[in-house]
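Colleague: Could you walk me through the next structure on the list? I would like to ask about charged pairs first and then about a ligand.

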Amino acid sequence: MSAAEKINLLGKTREEMEAFFLSLGEKKFRAHQMLKWIYVQQVDDFEQMTDIGKGLREKLSEIAEVRPPEVLQQDISRDGTRKWVLKVDGGGAVETVFIPDGRRGTLCVSSQVGCALDCSFCSTGKQGFQRDLSSAEIIGQVWLACRSFGPRKNLSQHPVTNVVMMGMGEPLLNFDNVVRSMKLMKEDMAYGISKRRITLSTSGIVPMIDKLSEVMDVSLAISLHAPNDELRNELVPINKKYPLSELLNACRRYSEKIPHKHKSITMEYVMLRGVNDQLEHARQLVALLTDLPVKLNLIPFNPFPHAGYERSKQKDIMAFHKLLNSNGLMTTVRTTRGDDIDAACGQLVGDVMDRTRRSERWQQEVFLRAAGSDD
Ligand code: SAH
Ligand code: SF4
């Protein structure tokens with residue numbers, strides 16, 4: 001059997017893994033052993049799985065594999081941010097970013113190669129849509145990030161405390177694989193990350209928000225970016241299909257279904273100079289969101305070549321922030337991390353030419369740092 005035909009055990013949920021072992025005539029607990037070998041011990045070679053009998057190990061080697069995506073490039077930023085460029089089957093590349101912040105380690109995970117939704121300020125959107133990632137390719141990003149820190153000293157701990165589905169792609173348009181991967185993030189026998197610390201960010205695919213609430217209650221973030229339909233149609237074209245009133249109703253329904261006390265939804269708002277960053281926009285936001293359980297996260301726009309937008313002036317961001325907070329909308333401003341390695345939001349392109357260019361820039365930066373001229 002060629003490698004391409006082998007069954008990849010990475011990305012199988014607990015239920016799927018149990019069904020796989022039952023189909024081999026094995027007991028369910030083999031599935032649990034396998035999950036722990038893959039996700040806790042970070043092992044991808046059946047030979048090392050010593051509590052699984054030799055006969056079964058040989059059989060597994062014939063028919064199955066544990067295959068994470070191939071790493072094309074790994075960068076570490078001045079601020080500790082790590083970025084991986086991963087090769088995906090069938091061509092193309094996606095990016096994953098790890099952002100350390102004290103005890104917290106947030107992994108920004110991609111769900112698709114490119115994106116079909118073409119938001120006007122997003123470099124992933126400019127690339128168009130290539131394909132959905134498999135669950136192995138999605139959970140494989142967590143696997144690779146954890147493994148990059150070496151063997152675990154304490155098996156119950158790993159560096160990824162939080163996951164945000166905010167890398168490339170629209171996660172709700174790759175629903176099944178994203179949900180399977182999030183189940184593994186939550187699964188005690190895999191990563192055991194609490195649902196509150198897993199955030200799915202969407203541009204607002206209304207029916208899928210309802211569908212998500214039926215299967216999982218992870219934290220939800222909405223890419224709002226505009227306080228009225230006219231401007232949002234321009235920035236986030238999916239708004240023409242699912243306008244603000246429908247989107248906000250879906251948010252209300254979602255938050256009502258979340259049983260835990262952290263039920264507020266994060267509204268992401270990219271700050272584009274002269275486009276959506278005026279006080280009038282802030283006032284409209286207050287009126288729009290006033291009776292919803294939301295918090296706002298202002299994201300200074302991250303530029304990329306030919307973007308056609310500029311980042312808002314710092315004083316405009318601060319005035320916007322102040323107006324929202326003083327009107328009772330809990331608002332934070334996101335600090336941009338890892339932009340020296342193009343790991344910031346919206347800079348994840350995954351195209352080979354860009355990668356080469358960035359890699360050159362990265363090497364240049366390493367050189368500058370070594371020369372002591374960091375800033
Ligand atoms: N497709 C999903 C998740 C990926 S994008 C979504 O749109 O929500 C993750 C976040 O980065 C979104 O809020 C997105 O709007 C934002 N973003 C995209 N391009 C950006 C840029 N150039 N600068 C800052 N944020 C950007
Ligand atoms: Fe796609 Fe999100 Fe970028 Fe819009 S912002 S193009 S939905 S990845």
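Modeller: Gladly, and please keep in mind that this is a predicted model. A good place to begin is Glu26, which forms a salt bridge with Arg30, where the closest N and O atoms are 3.5 Å apart.

Colleague: Is Arg30 buried or exposed?

Modeller: Arg30 is buried, because its relative accessible area is 16% and the cut-off for buried is under 20%. Its partner Glu26 has a relative accessibility of 24%, so Glu26 counts as partly exposed.

Colleague: And what does Arg273 pair with?

Modeller: Arg273 forms a salt bridge with Glu310, and the closest N and O atoms of that pair are 3.6 Å apart. Arg273 sits in the loop between strand E12 and helix H10, while Glu310 sits in the loop between strand E13 and helix H11, so the pair ties together parts that are 37 residues apart in sequence. Arg273 itself counts as partly exposed, at 36% relative accessibility.

Colleague: How many salt bridges does the structure hold?

Modeller: The structure holds 18 salt bridges. One of them joins Glu187 to Arg14, with the closest N and O atoms 3.0 Å apart. Glu187 lies in the loop between helix H6 and strand E10, whereas Arg14 lies in helix H1, so this pair ties together parts that are 173 residues apart in sequence.

Colleague: Where do those two stand on accessibility, then?

Modeller: Glu187 counts as buried, at 13% relative accessibility, whereas Arg14, at 29%, counts as partly exposed.

Colleague: Which residues are joined with Glu187 into one network?

Modeller: Arg14 and Glu18 are joined with Glu187 into one network, through salt bridges that share partners.

Colleague: Changing topic, which residues are around ligand 2?

Modeller: Around ligand 2 you will find Cys115, Leu117, Asp118, Cys119, Cys122, Gly125, Gly169 and Ser203. Sorted by type, that shell has 4 nonpolar residues, 3 polar ones and 1 charged one.

Colleague: One last residue, please: where does Ser111 lie?

Modeller: Ser111 lies in the loop between strand E6, residues 104-108, and strand E7, residues 112-114. With a relative accessible area of 1%, Ser111 is buried.

Colleague: What is Ser111 in contact with, leaving aside its neighbours within four places in sequence?

Modeller: With those neighbours set aside, the contacts of Ser111 include Asp132, Leu133, Ile138, Met165, Glu170 and Asn174. Gly169 is also among the contacts of Ser111, and you have met Gly169 already as one of the residues around ligand 2.

Conventions: Residues numbered from 1 in each chain as written. Chains lettered and ligands numbered in written order. Predicted model: local features only at pLDDT ≥ 70, side-chain atom pairs only at ≥ 80, totals over all residues. Heavy atoms only, no water. Salt bridge = Lys/Arg side-chain N within 4 Å of Asp/Glu carboxyl O. Helix = DSSP H or I, 4+ residues; strand = E, 2+ residues; numbered from the N terminus. Buried < 20%, exposed > 50% of the residue type's maximum accessible area, 1.4 Å probe, protein only. Near = heavy atom within 4 Å. Nonpolar A, V, L, I, M, F, W, Y, C, P; charged D, E, K, R; others polar. Contact = heavy atoms within 4.5 Å.
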